[in-house]
Amino acid sequence: MVDTQVRPSDVTKFPIIDAMLDIPREAFVPDALREAAYVGENLTLPGGRVMLDPRTLAKMLDALNIQPNHVVLDLGCGLGYSTALAARLAEFVVGVEDDEARADEAQAILSTHDVDNAAVMAGPLSEGAAKSGPYDTIMIQGAVEEVPQALIDQLREGGHIGAIFAEGALGVVRIGHKTDGRINWRFSFNAGAPLLDDFKKTTAFAL
């Protein structure tokens, strides 16, 4: 996976490569999907969640440039693979899932693999986890149409947020930098993922 999908995508930072080599991706998927754990595409998980393909996740981590003193918010973390990777790069990671059983399973898997600087909680993805913030980095494991202000408020000034923005049948990853309370988004690379319900654009009704 690392040699055929990650390194050829210009992801060469040693901490990311080391984490992806060391953390068993197959441990973070349902048993029935373990043989497909290393395929180069998004892996569908129960409940409409996905595990982003290795290339997309690695490039997002690379673009976010997570540092050892950072606190990270990982939204839609599935069974915890992205949280485990981020935990190897950061001081602490808070994962959020909108299904309590999935959040509990993710926490159990992380504990089994001695990821002791991460915690997964259940709740609406669009609300984040304000009590554990502010965050230096926020990453969203799925496509969005818009990012709620509630999440922007949880990002520390000078922090970064990474998301896949749905654009028709395709998508683009943008990295946002918070300056003076506002997010300045910049294109990073092309990627696709299912649209998360919590991040659909609000339709305004007019009479």
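**Exercise 1. Find which side chain meets that of Lys13 in a salt bridge, and describe where the two partners lie.**

Solution. The side chains of Lys13 and Asp62 meet in a salt bridge, with 3.4 Å from N to O, where a salt bridge is a side-chain nitrogen of Lys or Arg within 4 Å of a carboxyl oxygen of Asp or Glu. Lys13 lies in the loop between helix H1 (2–6) and helix H2 (14–22), while Asp62 belongs to helix H3 (residues 54–64), so the pair ties together parts that are 49 residues apart in sequence. Helices (H or I, at least four residues) and strands (E, at least two) are DSSP runs, numbered from the N terminus. Lys13 itself is partly exposed, with a relative accessible area of 31%; buried means under 20% relative accessible area, exposed over 50%, and partly exposed in between, with a 1.4 Å probe and protein chains only.

Before going on, the reader should know that this is a predicted model, in which local features need pLDDT of at least 70 and side-chain atom pairs count only at pLDDT 80 or more, whereas totals for chains, interfaces and linings use all residues. Residues are numbered from 1 along each chain as its sequence is written, and side-chain values use heavy atoms, with hydrogens and water left out.

**Exercise 2. Work out how exposed the partners are in the salt bridges of Arg34 with Asp31 and of Lys200 with Asp197.**

Solution. Begin with Arg34 and Asp31, whose side chains meet at 3.4 Å, N to O. Arg34 is partly exposed at 39% relative accessible area, whereas Asp31 is exposed at 63%. Then turn to Lys200 and Asp197, which meet at 3.3 Å, N to O. Here Lys200 counts as partly exposed at 43%, and Asp197 is exposed at 60%.

**Exercise 3. Place these pairs in the charge picture of the whole protein by stating how many salt bridges there are.**

Solution. The count comes to 12 salt bridges. As background, side chains of opposite charge can pair when their charged atoms come close. A network of salt bridges links Arg49, Glu97, Asp98 and Arg102. The protein has 17 positive and 30 negative side chains, and the centres of the two sets lie 6 Å apart. In this tally Lys and Arg count as positive and Asp and Glu as negative, without His and the chain ends, and the place of a charge is taken as NZ of Lys, CZ of Arg, CG of Asp or CD of Glu.

**Exercise 4. Locate the cis peptide bond that leads from Gly133, and describe the positive phi values of Asn65 and Asp180.**

Solution. The peptide bond from Gly133 to Pro134 is cis, with omega near 0°, and Pro134 lies in the loop between strand S5 (118–122) and strand S6 (135–144). Asn65, a residue other than glycine, has a positive phi near 55°; Asn65 sits in the loop between H3 and strand S3 (71–75) and is partly exposed at 39%. Asp180, which is not a glycine, has a positive phi of about 55°. Asp180 is found in the loop between strand S8 (170–179) and strand S9 (182–190), where it is exposed at 68%.

**Exercise 5. Decide whether His70 and Phe199 are buried or exposed, and list what each one touches.**

Solution. His70, in the loop between H3 and S3, is buried, with a relative accessible area of 15%. Contact means heavy atoms within 4.5 Å, and, not counting residues up to four places away in sequence, His70 touches Asn65, Ala90, Glu91, Phe92, Asp136 and Thr137. Phe199 lies in the segment after S9 and is buried, with a relative accessible area of 0%. Leaving aside neighbours within four places in sequence, the contacts of Phe199 include Leu75, Leu125, Ile140, Val144, Pro148 and Leu151. Phe199 and Ser111, by contrast, are 29 Å apart in space, C-alpha to C-alpha, and 88 residues apart in sequence.

**Exercise 6. Describe the protein as a whole, starting from how many helices and strands it has.**

Solution. The protein has six helices and nine strands. Its C-alpha trace spans about 55 × 35 × 35 Å along the principal axes. Of the 207 residues, 50% count as buried. Among contacts with a separation of 6 or more, 56% come from residues 24 or more positions apart.
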